[in-house]
Amino acid sequence: MKRFLTVAIISLSMVYSRISFGQEEKDGSNHGVFVEFLGNGLFYSVNYDTRFSKKVDGLGGKVGFGYIGVDGNHYSSFPFLVNYLKGKEGHYFEMGVGANYLVADYKNGGGVTDSPEIAKWEGWSGNMSLGYRYQPVDGGFLFRAGITPMFRKDEFRPFWPQISVGYAF
């Protein structure tokens, strides 16, 4: 849990510094907040995305947080991603690579059995992002859809879907 809190504090600090000190004149809506279903956060995540320049497209990144609790099982995720947008006039191809820090507290058997024991798992997984993004140049409704290939040790999921809705500014 200490690692999880450390990751959370560092991520929030990065987002705060980008918002606080990145108040320069910009060429369009190069920031966004959105809810992503499935995708890098596994179930869902709330994300902040920004470009590393004043441009609407190009190199950027996102940080997010997801949490779900069902039948005594708790899953928290912290996706981080560096991405690149290529396109124009609000229509972009998005490609990215990143990682997800996952913390899972669950009943043995994944909640299927009545065991009172709680198991815990913490770890990293790698992921990518490939898809379409609609983000108007002047801001407003943001939409994303695509696939999120994920991998860790002996596991690879090449076609994990993602869909997002949010607001660009």
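Is E155 buried, partly exposed or exposed? E155 counts as partly exposed, at 28% relative accessibility. With that settled, here are the close-up views of this predicted model.

**View 1. The whole protein chain has 1 helix and 10 strands.** Follow the sequence and you will meet the pattern α-β-β-β-β-β-β-β-β-β-β. The protein chain has 169 residues, and 41% of them are buried. If you look at contacts between residues at least 6 apart in sequence, 53% join residues at least 24 apart. The accessible surface comes to about 9,300 Å², and carbon and sulfur atoms hold 66% of it.

**View 2. F80 and W124 make a tilted aromatic pair, one of the 6 aromatic pairs in the model.** The ring centres of F80 and W124 are 6.1 Å apart, with 35° between the planes. This pair links distant parts of the chain: F80 belongs to strand 4 (residues 73-88) and W124 to strand 6 (residues 118-134), 44 residues apart. W124 is partly exposed because its relative accessibility is 46%, between the limits of 20% and 50%. Zoom out a little, and F80 and W124 turn up in one aromatic cluster together with F65, F78 and Y101.

**View 3. Five residues build the largest nonpolar core.** The members to pick out are V63, F78, F80, Y101 and V103. Strand 4 and strand 5 (91-107) each supply at least two residues of this core. You may recognise some of these names from the previous view, as F78, F80 and Y101 are also in the aromatic cluster.

**View 4. A nonpolar patch lies on the surface, with about 850 Å² of accessible area together.** Its residues are F37, L38, F43, Y44, V46, F65, Y67, F141, I163 and V165. Two or more residues come from each of strand 1 (31-38), strand 2 (44-51), strand 3 (58-70) and strand 10 (161-168). For a single residue to focus on, try Y44, which lies in strand 2. Y44 has a relative accessible area of 30% and is partly exposed.

**View 5. G69 and A104 show two positions separated in sequence by 35 residues.** In space, the C-alpha atoms of G69 and A104 are 9.8 Å apart. G69 sits in strand 3. With a relative accessible area of 43%, G69 is partly exposed.

**View 6. R152 and E155 form one of the salt bridges.** The closest N and O atoms of this pair are 3.3 Å apart. R152 is partly exposed, at a relative accessible area of 35%, and E155 is partly exposed too, at 28%. Elsewhere, salt bridges that share partners join E36, D49, R51, K62, E94, R133 and R144 into one network. The count for the model comes to 10 salt bridges.

**View 7. Two further salt bridges join K120 with E122 and D57 with K55.** The side chains of K120 and E122 meet at 3.5 Å, N to O. K120 has a relative accessible area of 44% and is partly exposed; E122, at 22%, is partly exposed as well. For D57 and K55, the closest N and O atoms are 3.9 Å apart, which counts as a salt bridge because the cut-off is 4 Å. K55 is partly exposed, with 43% relative accessibility.

How values were computed
Residues are numbered from 1 along each chain as its sequence is written. This is a predicted model: local features need pLDDT of at least 70, side-chain atom pairs count only at pLDDT 80 or more; totals for chains, interfaces and linings use all residues. Side-chain values use heavy atoms; hydrogens and water are left out. Rings of Phe, Tyr and Trp (its six-membered ring) pair if their centres lie within 6.5 Å; planes under 30 degrees apart count as stacked, over 60 as edge-to-face and the rest as tilted. Helices (H or I, at least four residues) and strands (E, at least two) are DSSP runs, numbered from the N terminus. Buried means under 20% relative accessible area, exposed over 50%, partly exposed in between (1.4 Å probe, protein chains only). Patches are made of residues with over 30% relative accessible area and no salt bridge: like charges are joined within 9 Å, nonpolar side chains (Val, Leu, Ile, Met, Phe, Trp, Tyr) within 5 Å. Accessible areas come from the Shrake-Rupley method with a 1.4 Å probe; for residues, only the protein chains shown count as cover. A nonpolar core is a set of buried Ala, Val, Leu, Ile, Met, Phe, Trp, Tyr and Cys residues joined through side-chain atoms within 4.5 Å. Contact means heavy atoms within 4.5 Å.
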